[in-house]
Amino acid sequence: MPNNISPLPRDPWIGRTVDDRYRILEKIGRGGMGVVYKVEHTQMGKVAALKLLHSNLARDPDLAKRFHREATSISRLNHPNIVQVFDFGRVEQSMYLVMEYLPGEDLAMILRREGPLPVQRCIPILTQMCDALSEAHHQNVIHRDLKP
């Protein structure tokens with residue numbers, strides 16, 4: 001009996017190198033603004049995460065300016081509960097942001113698996129989030145899209 005299920009299309013970015021220095025290894029996430037990939041710096045061998053904006057968003061001049069402004073602001077933040085941003089730029093018709101790669105599960109995955117968390121587990125998580133937001137606010141950065 002023939003298999004009528006076609007394989008999923010291969011992601012065209014996997015295996016490519018962005019700006020001659022970030023080799024894309026695998027897709028690790030997707031959201032409304034773009035796709036996040038695990039990458040390796042070709043010269044240093046350091047693993048990082050690269051967020052590639054959807055090309056239709058990068059073509060909007062106002063959004064491109066906002067992305068550049070926000071990437072610059074975020075890259076100046078230094079706090080244990082804020083992911084470090086190392087680099088950003090343009091590739092083809094899109095824009096990208098390179099940040100530290102943090103292996104593990106995000107809060108959404110934990111909540112799907114475990115359901116509502118007990119208060120004793122929530123308090124340290126919320127404290128870390130509030131500390132990070134406080135640091136960002138002290139640097140005049142307002143987070144407009146909190147996610148688990």
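1. The buried residues of helix α2 are Leu63, Ala64, Phe67, Ala71 and Thr72, where buried means under 20% relative accessible area, found with a 1.4 Å probe and with protein chains only. Helices here are DSSP runs of H or I with at least four residues, strands are runs of E with at least two, and both are numbered from the N terminus. The model is a predicted one, in which local features need pLDDT of at least 70 and side-chain atom pairs count only at pLDDT 80 or more, while totals for chains, interfaces and linings use all residues. Residues are numbered from 1 along each chain as its sequence is written, and side-chain values use heavy atoms, with hydrogens and water left out.

2. The cover over the buried residues of α2 includes β4 (47-53), α1 (55-58), β5 (85-91) and β6, with contact taken as heavy atoms within 4.5 Å. At the N-terminal end of α2, Asp60 acts as a cap, since one of its side-chain oxygens lies 2.9 Å from the backbone nitrogen of Asp62. Such a polar contact is a pair of N or O atoms within 3.5 Å; within protein, one atom must be able to donate a hydrogen and the other to accept it, and residues adjacent in sequence count only if both atoms are side-chain atoms.

3. Helix α2 covers residues 61-75, and its end C-alpha atoms are 21 Å apart, in agreement with the 21 Å that its 15 residues should span at 1.5 Å a residue; the expected span is 1.5 Å times one less than the number of residues. Helix α4 (residues 119-138) has 20 residues and reaches 28 Å from its first C-alpha to its last, close to the 28 Å expected. After α4 comes Asn140, whose phi is positive, near 60 degrees.

4. Is Ser94, which lies in strand β6 (residues 94-100), buried or exposed? Ser94 has a relative accessible area of 3% and is therefore buried. The side chain of Ser94 reaches the backbone oxygen of Leu53 at 2.3 Å. Not counting residues up to four places away in sequence, Ser94 touches Leu52, Leu53, His54, Ser55, Ala58 and Gly89.

5. As for the whole protein, there are four helices and six strands, which follow the pattern β-β-β-β-α-α-β-β-α-α along the sequence. Of its 148 residues, 29% count as buried, and the C-alpha trace spans about 50 × 45 × 35 Å along its principal axes. Among contacts between residues at least 6 apart in sequence, 40% join residues at least 24 apart.

How values were computed
Buried < 20%, exposed > 50% of the residue type's maximum accessible area, 1.4 Å probe, protein only.
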